[in-house]
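User: Got a model for me to look over? I'd like to go through the chain contact and the odd backbone spots.
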Amino acid sequence: MGVLVSLRRFSRCRAATSSSLAIAASLIVVIMMAGQASAETPSPIPEPTTTAPSDAATANTSATPSAESTTRIAAEAAGSLSLSIESTGGPVAGHFFQDIGSYAFTGDATDLDDGTTIEIYRRTSASSWTLQATTQLSGESYSATLPVRERGTFVFASTTGGAPGGGDEISSNEVMITVEDSKITLDQPVAEIDSLKNPTISGTIVPARSGVEVHIDVKRSDTYQTAETTTTDSSGRFSTSLSYGKGSLATYRIRGTYKVPNRDRWEVSSSKTFTRIAVINAVITQTTSADVEKTYHAGCPVGPSKLRTVTMNFYGLDKKMHRGLLIVRSDLTTQVIRSFDTSLRHRFRIAKMKNPNVYDGNDPRQMEANNTSAFNCRQVVGNPYKLSPHSYGTSIDVNPVQNPYRDINGKWWPENGKPYIDRTPYRAGMLTKDSYLTQKLRSYGFFWGGLWSPGKDYQHFEYRG
Amino acid sequence: MTYATIRARLLGSSLAGLSSLVLAACSPSLPAPSPGTTSAPQVSATSAVPSPNAAATAEPTTTNTLPPPPPPSGPAPATAGSLTATSLPIPAGWETAVLAGSDEEGFEGNGTWVHARDPRYAAQDVITLGCATVTRDDYTDPAAALEGNYHNRSGDRGIGLVLEFDDELAATHYFELYRRQVQSCTTRNEPVRTAILSGVSGLVDRRTYPYSKWTEIAERNGRRITLIILTDPGHAISKASAQRILDQIKG
């Protein structure tokens, strides 16, 4: 904990001034905040002043030398001064870190009057010193504190007034202090991630300490905006899940920051990037009775045991990724996944892919809602004596609005799909015989309803083996 | 008890007691109209929460199911077995409609208002109302099926379907089973709600689907069952009109 103290007699002895004696009845300390600006632009040295002690000043100073004070060097002769510096309030004993904790200056005096003004200086060049703090002797000792700010190696000395080497002052030994860098580092997140998943953003702060609030900033245009906030653990580690940009397909530049305790400044990490990408991430599960609560009815030819629920990502009309599901016959999952994967790679857009349960299995409703779906045990719209091919889990309807269906009576469904009866010009979400989805499904033996003549069912794919 | 077993028992019965015997013998194995008497819900590997209507939608374990219907290979025949266009009545106020067919309905038009259907699919599609369990084990497939289409002056659609069975017993059994299926939908809203009209000789029921309303008139005549279902937005087809159609069916 102790800091090296070396004694050097700088100048001849000098008695305390009468003025300082006059106000020495109590401990009066003025901490001069010189040097609070950055090292590049040091503040002018304020004139040392003497004021009545305040609570704050008292909190930062002590009339009694610290119990942790280390070496004490006796003066060789009357009128000598010593200086030792310890770190206080920092996370690591014996170490000084940029913008964390304080310098605790203490020293003893010999043959100096109680109340003598003591000035603490920091060397700023080979021949110049900058006043850092002012205090007064209380008995034969003095103390003062000063927040640590800049990092680097610094030499301090205390005097009875005036910079060391300036003339009549009595100077203490010089104390060299190294202030280490405080920093935040960000681990490299996963380079690419499914757009619908959240990357884990982690990193470390130095010196390690818990409870530090760390912000994860994301760069938008030319500025960073805070997207997530987390706190460090006792080892200085932090980790959080970043949801920013979820669903988008883009590369994001991020950084970690935290506000330093000693001044209005933010510690900033170097930046990292990650990219949200489009992947189908298909998951096949056994269809449950809940999955087909509104679409499987008593007597239907295919029940949940012969169906699979394929949950997958798709590229939306809003140009963002979404997750949806299709329920298909168990032997068709591979063909369906591969077809929609190919379609996704070519950025075919799909409005939505919800479980038809959402629409109570009501096909006109889900067509109006532009829902892409597959299994739905129901009658053909317009013929109660005919089960739809969707009852077998072998048919898929895609973007009903952009790909309307003309029923046997010539009525187009859904009503809001009428603008798409005319197939030119091409608009997002429309299927053509050249669409990747159409081509791929056809290659697996699906029939596309857009090829049916004279009726048209642009939304419809039906497996025919 | 399968339908084949039931049928074997019934063949030895007198014709006079046929109807009651059919009902009595079939009752233990026929699906009850109540949705609460079906088998236990199937438990799948990933199902943690049973569906609220799991009992009603319990999946039958029969393997006697049909694959998806094959695509049409050309225009559908205009006759089926002994069934022709004259086998279907034309309801008063309705005209025959010549349809081109569609992928969804699975047939290609033949230039007439009637077309043959695969009788297996026709019987299944008609009886699968979705309100009570029924499987293909519960009935014998008809031998032939012919569908006709109508439209009225408003452009609304009507469909007629004749199912011809090998014998009257099979037709009787199917028709009773069908009546029970229609009956089972009278207390439901999904997938269809039905209301059966009393005081008519055959089966007349109002149907309310989530997106359309229909009135059905059906009757068995020997080994044929004729079903007519007409778009009826206000359920305005009168009992008298329905009876006239039933009379047409009876010939």
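Analyst: This is a predicted model; the contact comes up before the backbone.

User: How many residues does each chain put into the contact?
Analyst: Chain B gives 47 residues and chain A gives 44 residues.

User: Which elements of chain B supply at least two residues each on that side?
Analyst: β2 (101-102), α3 (119-127), β6 (157-164) and β10 (224-231) of chain B. The largest share is from α3(B), with four residues.

User: And what is the nonpolar, polar and charged split on the side of chain B that touches chain A?
Analyst: There are 24 nonpolar, 15 polar and eight charged residues.

User: Switching to backbone. Where are cis peptide bonds in chain A?
Analyst: One runs from Val206(A) to Pro207(A), with omega near 5 degrees. Another runs from Trp413(A) to Pro414(A), with omega near -10 degrees.

User: Where do Pro207(A) and Pro414(A) sit?
Analyst: Both are in loops. Pro207(A) is between β12 (200-206) and β13 (213-220) of chain A. Pro414(A) is between β27 (412-413) and α5 (436-443) of chain A.

User: What about phi at Ser221(A)?
Analyst: Positive, about 55 degrees, and Ser221(A) is not a glycine. Its place is the loop between β13 and β14 (223-231) of chain A.

User: Is Ser221(A) buried or exposed, and why?
Analyst: Ser221(A) is exposed, because 6 other C-beta atoms lie within 10 Å and the cut-off for exposed is 12 or fewer.

User: And Asn399(A)? What is its phi?
Analyst: Near 45 degrees, so positive in a residue other than glycine. Asn399(A) is in the loop between β25 (395-397) and β26 (405-406) of chain A.

User: Buried or exposed, for Asn399(A)?
Analyst: Asn399(A) is buried, because it has 27 C-beta neighbours inside 10 Å and buried takes 20 or more.

Note on methods
Residues numbered from 1 in each chain as written. Chains lettered and ligands numbered in written order. Predicted model: local features only at pLDDT ≥ 70, side-chain atom pairs only at ≥ 80, totals over all residues. Contact = placed C-beta atoms within 7 Å. Nonpolar A, V, L, I, M, F, W, Y, C, P; charged D, E, K, R; others polar.
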